[in-house]
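Below is a walk through one model, from a single strand outward to its sheet, the core, the ligand and the confidence values. Please keep the structure open while reading.

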Amino acid sequence: MNQNTWQDDRGNRDRSITNPAPQGDMKPGEYSGHAKPGAAGEPFLIGDAMTGGYGGGADILHDCTIAVDKGEIAVIVGPNGAGKSTAMKAVFGMLDLRGGDVRLDGESIATLTPQARVAKGMGFVPQTNNVFTSLSVEENLEMGAFLRRDDIRETMDQVYDLFPILKDKRRQNAGELSGGQRQQVAVGRALMTRPKVLMLDEPTAGVSPIVMDELFDRIIEVARTGISILMVEQNARQALEIADKGYVLVQGANRFTDTGEALLNDPEVRRSFLGG
Ligand SMILES: Nc1ncnc2c1ncn2[C@@H]1O[C@H](COP(=O)(O)OP(=O)(O)O)[C@@H](O)[C@H]1O
Ligand SMILES: [Mg+2]
């Protein structure tokens, strides 16, 4: 792995990986952690009071609300089986809701297909099977851009700037890469549509602590370009450290919601969810 590039490439020189239209007056290096609300004075993306489950089965989500603002990092934590992935799928349109709504920039998108949500500016990296293992790294990125009809070269170069190792390995099959490199491919693939919101389900699953830190640094860098990050993480403590907002889900419902810092300092959250 090219450590020098990872470490030298701090800060954000280029916000054009987002949709070209300006999304606020944030400039490189000015990230304040205080995100701007979207239209209607509410968060840019919100899954609002979502209730629902799989097919005709019992409800998994109960009045569950998760949201993220522009350029903000929101992190969802909670025990295994709490419904974190289900909540992400609900926001992305992979689950029929029996109650609640999903709004993007003030507009209800609850009836849209996942593909239509991608066209609206959502990118989703699922928890599993998030790369095409028999395709090369570059082919994975091209697949990510399937909805685009314009020139994708510039965006691909931006992904390679963000993850230099992927450029070195661009002709290699994604299945031959390490876990951390595969996660970079998955994130890069989602960035190819130039999303406004990037949803990541356990992006650091199965990687070493060093690779986790590197991935978190890249995610912070993406957020600094104005892209909202909605992320599920099992490394709860480390994720809350970089979170503007955190959600603790238990049994499909919101248990705690606060800034990442406040959750890290909450004795009950620490005792019950962060190992003391
Ligand atoms: N495709 C599915 N069909 C039916 N039930 C599911 C499906 N995926 C997850 N579940 C159930 O939904 C609940 C929440 O799972 P999940 O959202 O994956 O939790 P988490 O991501 O927090 O570990 C669990 O009880 C799980 O068994
Ligand atoms: Mg999950």
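**Strand S7 and its surroundings**

From S7, Val197, Met199 and Asp201 point one way and Leu198 and Leu200 the other, and all are buried. Buried here means that 20 or more other C-beta atoms lie within 10 Å of the residue's own, whereas 12 or fewer would make it exposed and anything in between partly exposed, with C-beta atoms placed from the backbone. In a regular strand the side chains alternate between the two faces of the sheet. Strands (E, at least two residues) and helices (H or I, at least four) are DSSP runs numbered from the N terminus. Five of the five residues of S7 are buried, so the strand is largely enclosed by the rest of the structure.

This is a predicted model, in which local features need pLDDT of at least 70 and side-chain atom pairs count only at pLDDT 80 or more, while totals for chains, interfaces and linings use all residues. Residues are numbered from 1 along each chain as its sequence is written, and chains are lettered from A and ligands numbered from 1 in the order in which they are written.

Which strands pair with S7? Strand S6 (residues 122-125) pairs with S7 in the parallel sense over four bridges, and five bridges join S7 to strand S8 (residues 228-232), again parallel. Pairing requires that DSSP finds at least two bridges between the strands. Towards S6, phenylalanine 124 stands opposite methionine 199; in S8, isoleucine 229 is the bridge partner of leucine 198.

Leucine 198 has 25 other C-beta atoms within 10 Å and is therefore buried. Leaving aside residues up to four places away in sequence, leucine 198 touches Gly123, Ala190, Val222, Ile227 and Ile229, where a contact means C-beta atoms, placed from the backbone, within 7 Å. On the same count, methionine 199 touches Met88, Val91, Phe92, Met122, Gly123, Phe124, Val125 and Leu230.

Methionine 199 also has a place in the largest nonpolar core, which has 69 residues; Ala74, Ala87, Met199 and Ile229 touch the most other members. Strand S2 (residues 59-68) gives the most to this core, with six residues. Such a core is a set of buried Ala, Val, Leu, Ile, Met, Phe, Trp, Tyr and Cys residues joined through C-beta atoms within 7 Å.

S2 also belongs to an open sheet of four strands, ordered S2-S1-S4-S5 with antiparallel pairing. S2 and strand S5 (107-108) stand at the edges with a single partner strand each, so one side of each is left without a neighbour in the sheet. Two bridges join strand S4 (residues 97-104) to S5, and leucine 104 has glutamate 107 in S5 as its bridge partner.

Helix H2 (residues 84-92) gives the most to the shell around ligand 1, with three residues. The residues surrounding ligand 1 include Tyr54, Ile60, Asn80, Lys84, Ser85 and Thr86, each with its C-beta atom, placed from the backbone, within 6 Å of the ligand. Eight of the nine residues of H2 are buried, so the helix is largely enclosed by the rest of the structure. Just after H2, glycine 93 takes a positive phi of about 95°.

The mean pLDDT of the protein chain, the predictor's confidence in each residue from 0 to 100, is 88, and 86% of its residues reach 70 or more. pLDDT stays under 50 over residues 1-16 and over residues 18-36.

Terms used
Two residues are in contact if their C-beta atoms, placed from the backbone, lie within 7 Å.
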